[in-house]
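Thanks for agreeing to look this over with me. Here are my notes, in the order in which I would walk through the model on screen.

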Amino acid sequence: MTLPIYVYGSPVLRKVAREVESDESGLDDFIEDLWQTMHQSDGIGLAAPQVGKSMRIFVIDGTPLQEDDPSLKDFKRTFINPEMVERGGDDKTFEEGCLSIPNLREEIVRPEKIKIRYYDRNFNFNEEEHDGIAARIIQHEYDHLQGILFTDRVAPLKKRMLRTKLNAIAKGKFEVNYKVKVAK
Ligand code: NI
């Protein structure tokens, strides 16, 4: 089932999401819905708060970007209750976008390397290190679980210019070809 994507201005995007229990009812179906919704909207990552569920889950499919970064060839993951245990390396600038902030892209600075612990779809524990675009997507999605959006991380001078655009998005003044839910 494809779910509507909550856009900028929705309170759920600003909450710290709650931990997930392994025996939660409907969890499998919900994860399937996340994958379907991400693919339907041509996203490379989607976090549960973006579909209105304040839960610590996100999914990533980096394979559409494998031409830019061959290490993304098999990069498909479901992250449950992730914990970012390290961020390091040099700071890198990369242009980000977000399904919850339609038609807006900004250069964002983040560390190039991360180490993350998480449970996968079968509730197996994993610890992984990533760099490059994978680390970038993971950090963006992890932020969603903390109630942080990439636009919070733009340089202060740019923030004022962004405000008008963000206010328009919050009012639903945009066009996309996926289902959305605008806070009223
Ligand atoms: Ni996002």
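1. Let's begin with a long-range contact. The side chains of arginine 14 and aspartate 152 meet in a salt bridge, with 2.7 Å from N to O. The two partners come from distant parts of the chain, 138 residues apart: arginine 14 lies in the loop between β1 (5-6) and α1 (27-40), and aspartate 152 lies in the loop between α2 and α3 (156-170). Please keep in mind that this is a predicted model.

2. How accessible are these two partners? Arginine 14 has 39% relative accessibility, so it counts as partly exposed. Aspartate 152 counts as partly exposed too, because its relative accessibility is 29%.

3. While you have the loop between α2 and α3 in view, have a look at alanine 155, which is also found there. Its relative accessibility is 43%, so alanine 155 counts as partly exposed. The C-alpha atom of alanine 155 is 8.9 Å from that of valine 109, although 46 residues separate the two along the chain.

4. Now for the metal. Which residues coordinate the nickel ion? The donors are Cys98 through SG, His140 through NE2 and His144 through NE2, at 2.1 to 2.3 Å. Along the chain, these donors follow the spacing C-x41-H-x3-H.

5. Why are histidine 140 and histidine 144 separated by about one helical turn? Both belong to helix α2 (residues 132-145), and they are 4 residues apart in that helix, which means about one helical turn between them. Buried or exposed? Histidine 140 counts as buried because its relative accessibility is 7%, and histidine 144, at 1%, counts as buried as well.

6. Next, the strand pairing. Strand β5 (residues 101-119) and strand β6 (residues 125-131) pair in the antiparallel sense, over 7 bridges. In this pairing, arginine 117 stands opposite glutamate 127 of β6. The hairpin has 5 residues between the strands, and there phenylalanine 123 takes a positive phi near 60 degrees. That backbone angle is a nice one to check in your viewer.

7. Glutamate 127 turns up again in a salt bridge, this time with lysine 115, where the closest N and O atoms are 4.0 Å apart. This pair links strand β5, which holds lysine 115, to strand β6, which holds glutamate 127, across 12 residues of chain. The partners fall into separate accessibility classes: lysine 115 is buried because its relative accessible area is 16%, whereas glutamate 127, with 42%, is partly exposed.

8. There is also a network to trace. Salt bridges that share partners join Glu96, Arg110, Arg136, Asp143 and Arg153 into one network. For the wider tally, a search of the whole structure finds 16 salt bridges.

9. One last pair before you close the viewer. Glutamate 95 forms a salt bridge with arginine 105, and their closest N and O atoms are 3.1 Å apart. Here the link runs from strand β4 (residues 76-98), home of glutamate 95, to strand β5, home of arginine 105, with the two residues 10 apart. Glutamate 95 has 38% relative accessibility, so it counts as partly exposed. As a general reminder, side chains of opposite charge can pair when their charged atoms come close.

Notes: Residues numbered from 1 in each chain as written. Predicted model: local features only at pLDDT ≥ 70, side-chain atom pairs only at ≥ 80, totals over all residues. Heavy atoms only, no water. Donors = N, O, S within 2.8 Å, 3.2 Å for Na, K, Ca; no water. Buried < 20%, exposed > 50% of the residue type's maximum accessible area, 1.4 Å probe, protein only. Pairing = 2+ DSSP bridges.
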